[in-house]
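Work through the exercises below with the sequence and the model open. Each task is followed by a stepwise solution.

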Amino acid sequence: MGMTSPLDTTSPVDMTLDEAATEAAVLRLYRQIFAVLAREAGAMIMDAGLIDVDEAILEAFAEAGSDGLTAAEAVAACPQFDAVTIERRFGLLRDYRAISKVVDRKNEQHYRAAFAPYVMLLFLRRLTERGGQSELHQLLTLEHLNVTKPDAVAADGQASVARMTKIFRLLANELASLVQRGAAEALRENAQLLWGNRSLITQAEEAHATVLTRWPELATDCALLRISLAAYGDAIESAAGRLLEQAGTTRALGLLPAETWLSFARGSGPQTLATVLDGFVFDAPAPWFSAQALAEAVESARQAGGIRLRPPRPENPEPADPAGIVPADDAADLRSSAERLLAAAEASRDNSEDPDGERVSVADVLSGAGDWATCRRLLAEMTAIHHHPDLGYELIWSDGLRIDPERSPSWTTEGWFARKDR
Amino acid sequence: MNAHETALHQTALWWARIRAAGPQLVDADGPTPPGLMRLAEPGGSRVWLTTVLPGGAGPAVLDELDLPRPVLEQPNDTARVLAAVLKSCWLDPSGPLWPGATAPFGQIVATFEALTGHDEVVSHRAVVAAVRRLSWSGWLLWDEQTRTVRLGPRVATWAATELSTLRELWRSIPVPDKAAVRDTETEMDGDTS
């Protein structure tokens, strides 16, 4: 098992005192900055009004001068907010070290404020008011200044280009994913990413040109910047296209923010308002049939009529009576055939072997039949009569074999077709 | 008030009339204000005036905006009867819908029967009700005396793009058996106003 300490990631053991001090200072600054956004220790504010409270407190500190303020004085200096709120924010700012004791000793009541939280607050205000556009512009201007400074080196240029690449990549990614997957409403809410951003690209391109001419060895980094700029440009194009398309086909009047509609409705005269609906007739005073509706109605009728129904069946299908099931019976037919055979034998009696007409020689029957097909049929009939359970006839075979080449059939097995003895 | 304003005024008045009472039958020698469509009655002495709706501004927009349409009883059967009338009165589907031919009531019923597979009694009742609704809203014209039906002026408001769908529909509707076309003796129950 490896012996890596869990502390490795959080506090490197080989950190020098200087480094630790620097890191602590940076952390302290971060904490101060974000104090204005903290609702309570460890959580973000849920109410934008709290920022106003913070601003009032920090302004009170600015008024107070180098002596600082006590909590009670801060409450008194901010009469527009109630005391409980001020005290709570005051405590919070203190927890985040955005305000600290003037002299670090017990029972010290006077506090002084750090300036970073106020700067952050101003920055946040601007960001919320203008969507960060002008900050972005200023950042780009600063980057440009950075790379044009006479004492700037290639590393500065590289860092600057890398920062700009990241900014534009983030912007382009956000916009592109909105265009591809987001609803039109989400795109509209983020439309400030779209407004007037050509100049951002122009600014970045200027900085890019400066870097490229000063440090030609940074060509690779510059190419990355160009790619991210182009991606951003494409994302703007497709987002604008999507918004236009939505507006064109759905008449989604919600594409503009509600405030815009309100101010338009309030600030326009009747003439201007009327022009909005120029060319629109939404009215259908009488029932209206579109060709499509007709076709659909006809189609549905056809489907309804075209369903094949099962033939009607009895309500309670009862199983058929087993006694009623009788196999097809040919007993009568067979009986008449048997009688006919026996009668024929009697009529053509020229032998005295059957004095009662009770039996007939199979060989005689077959030889009298004439051809093979009839012989076969007669034989089959006699066999069937013999096997029929209800008929009293039998077919008795014996060992003799009658052969006569002149006759047809030329040989026959000796046997008798006879009435059974009852 | 100059001439242009007068014309606008006239158009607005006519639109209001047609909005309230459907397509209007007027004498053929009157003027046709701009924004209106002129449909000549057979005989030539009278014309129907109805509104020309701009494309994309017709009642189809109601569906698009998810707004309610005028309520229609039995919408499907009514649409089927209109389709049956279309089949019977639009003799040449390559030509225009208006004015179309006149078809006896029995033929409409027979076409409807062939279309839906309903039996005669059900069909007759459905067609009577639908003809009443459709003639009220100007989709077809019902002549009480001759007991005949023909297409109403409102069919002319179907856009050219919809005509191709209607032609397909026309071809798909079966022609009723000649024997099935009865000159039904039964009266149209109720008035057809």
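Two strands pair if DSSP finds at least two bridges between them; strands (E, at least two residues) and helices (H or I, at least four residues) are DSSP runs numbered from the N terminus. The model is predicted: local features need pLDDT of at least 70, side-chain atom pairs count only at pLDDT 80 or more, and totals for chains, interfaces and linings use all residues. Residues are numbered from 1 along each chain as its sequence is written, and chains are lettered from A, ligands numbered from 1, in the order in which they are written.

**Exercise 1.** Find the bridge partners of S361(A) and Y393(A) in β7(A).

Solution. Step one: strand β5 (359–361) of chain A pairs with β7 (411–419) of chain A in the antiparallel sense over 3 bridges, and S361(A) has W416(A) as its partner. Step two: β6 (393–403) of chain A pairs with β7(A), also antiparallel, over 8 bridges; here Y393(A) is matched with R419(A).

**Exercise 2.** Which elements supply the largest nonpolar core, and which residues touch the most other members?

Solution. Step one: a nonpolar core is a set of buried Ala, Val, Leu, Ile, Met, Phe, Trp, Tyr and Cys residues joined through C-beta atoms within 7 Å, where buried means 20 or more other C-beta atoms within 10 Å of the residue's own, with C-beta atoms placed from the backbone. Step two: among the 39 residues of this core, V81(B), L82(B), A83(B) and V85(B) touch the most other members. Step three: at least two residues each come from α14 (291–306) of chain A and from several elements of chain B, including α3 (75–89) and α6 (160–172). The largest share, 8 residues, belongs to α3(B).

Conventions
Buried ≥ 20, exposed ≤ 12 C-beta atoms within 10 Å, placed from the backbone.
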